[in-house]
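Colleague: I'd love a close look at one single part of this model, with its surroundings explained along the way. Please take it slowly.

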Amino acid sequence: MREITFQRALEEAVAEEMRRDPKVITMATDFTGDPIKEFGPTRVRFTPISEAALTGMGLGAAGCGLRPIVNWRMVTFSFVAMDQVVNQASKIRYMFGGQADFPVTYRCTTGGGIGLAAQHSQSPYSMWMHLAGLKIILPSTPADAKGLLKSAIRDDNPVVSFECSRLATVTGPVPDGDHLVPIGVADVKRQGTDATIVALAYYVGEALALAEELALEDISVEVIDPRTLVPMDIETVRASVRKTGRVVIVDEAPATCSEIAALIAEDPETFRALKAPVRRVCAVPVPVPYSPPLEQAALPSKDDMKAAVHEVLKESLRRA
């Protein structure tokens with residue numbers, strides 16, 4: 001395996017799929033590097049700065065037999081295309097009665113932690129989770145970023161790829177060859193017996209680092225990465241919770257944590273296995289500040305996660 005960055009893994013996924021399938025095209029208001037040199041201006045489209053037009057163009061191209069990749073760049077810019085996403089992309093395959101495919105992939109960066117202030121530090125993927133008809137991926141490692149994005153490009157449904165800004169320069173091993181990660185399959189990043197941490201995106205790495213620390217206290221933590229928000233592999237999460245009896249859910253987006261908590265609690269067998277209430281560790285409900293100290297205070301930290309794990313352990317002892 002090679003060690004490459006998260007961003008490089010995403011770029012490789014796009015390039016490999018464009019080489020593999022001449023129907024794959026990519027559109028954005030700007031690109032890193034110069035993909036036109038390899039693929040030409042017909043398949044690499046620099047578009048006007050109009051995300052509404054860009055989003056609609058991608059969906060229309062998908063309906064005409066192409067497999068477009070539309071890069072919104074920052075999730076902030078997707079909001080001006082919400083009519084195309086909410087009323088068209090998420091519903092169009094259903095409204096065609098499944099008789100037509102719409103294989104479009106929308107990409108954007110999300111999350112805080114790198115000093116981009118309130119508008120460019122959002123994690124609003126829970127909004128898209130409410131739109132039946134979209135698939136949503138949220139990778140946490142370079143290998144998952146490449147494998148999931150390649151699977152998204154090959155999928156016949158609209159897929160939104162949320163790509164955490166803080167992970168762009170993180171390096172990790174990526175398998176050689178045609179590496180694919182199936183959409184809708186969670187990953188057990190670390191086995192454990194005392195508590196489960198369900199972490200998303202950047203916080204998967206933080207959870208794994210915390211698990212190493214807690215192992216020195218003889219606390220065994222299992223770390224689950226859903227990887228896909230829609231469809232979500234909740235059975236892998238529930239199986240872990242039934243084993244450990246304790247769960248902490250960590251992400252910047254409180255609404256996403258709440259949805260996972262509800263899916264855990266509504267299953268009778270999993271609910272009965274809980275030895276302590278489900279705990280969420282999320283960003284505080286404020287716009288993410290530009291000031292680095294305030295931004296750090298607003299976002300979840302490893303110390304917050306550690307405190308939550310100790311709390312669920314203590315609660316289960318009180319109940320015993």
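By its relative accessibility, does Arg-107 count as buried or exposed?

Modeller: Happy to! This is a predicted model, so local features need pLDDT of at least 70 and side-chain atom pairs count only at pLDDT 80 or more, while totals for chains, interfaces and linings use all residues. Residues are numbered from 1 along each chain as its sequence is written, and side-chain values use heavy atoms, with hydrogens and water left out.

Arg-107 counts as buried because its relative accessibility is 8% (buried is under 20% relative accessible area, exposed over 50% and partly exposed in between, with a 1.4 Å probe and protein chains only). Arg-107 sits in strand β5 (strands are DSSP runs of E, at least two residues, and helices are runs of H or I, at least four, numbered from the N terminus). Its side chain makes a polar contact with the side chain of Glu-163, at 2.9 Å (a pair of N or O atoms within 3.5 Å; within protein, one can donate a hydrogen and the other accept it, and residues adjacent in sequence count only through two side-chain atoms). Beyond its neighbours within four places in sequence, Arg-107 is in contact (heavy atoms within 4.5 Å) with Leu-10, Val-14, Ile-69, Val-70, Asn-71, Trp-72, Arg-73, Leu-149, Ser-161 and Glu-163.

One of those partners, Trp-72, also belongs to the largest nonpolar core, which has 63 residues (buried Ala, Val, Leu, Ile, Met, Phe, Trp, Tyr and Cys joined through side-chain atoms within 4.5 Å). Trp-72 is among the residues with the most contacts inside this core, a group that also includes Tyr-106, Trp-128 and Phe-162. Helix α1 gives the most to this core, six residues. Apart from it lies another core, of 24 residues, including Ala-199 and Val-250.

Now for the open space. The largest pocket has a volume of about 850 Å³. Arg-107 is one of the residues closest to its centre, together with Gln-7, Glu-11, Phe-31 and Thr-32, out of 34 that line the pocket. The elements that give two or more residues to this lining are α1 (6–20), α2 (36–43), β4 (67–74), β5 (105–110) and β7 (159–164). The largest share, 11 residues, comes from α1. By class, the lining has 16 nonpolar, seven polar and 11 charged residues (Ala, Val, Leu, Ile, Met, Phe, Trp, Tyr, Cys and Pro are nonpolar, Asp, Glu, Lys and Arg charged, the others, Gly among them, polar).

As for the terms, on a 1 Å grid over the protein atoms alone, a pocket is an open set of points with protein on both sides within 12 Å along at least five of seven lines, a cavity is a set where a 1.4 Å probe fits but cannot get out, and lining residues have an atom within 4 Å of a point. Points are joined across faces, edges and corners, and a volume is the space filled by probe spheres set on them.

The second largest pocket has a volume of about 220 Å³. Of its 15 lining residues, Ser-123, Glu-252, Ala-283, Val-286 and Val-288 are the closest to the centre. Its lining divides into 11 nonpolar, three polar and one charged.

There is one cavity of 30 Å³ or more, with about 40 Å³ of space. Ser-123 and Glu-252 turn up again in the cavity lining, which also includes Thr-110, Cys-164 and Asp-251.
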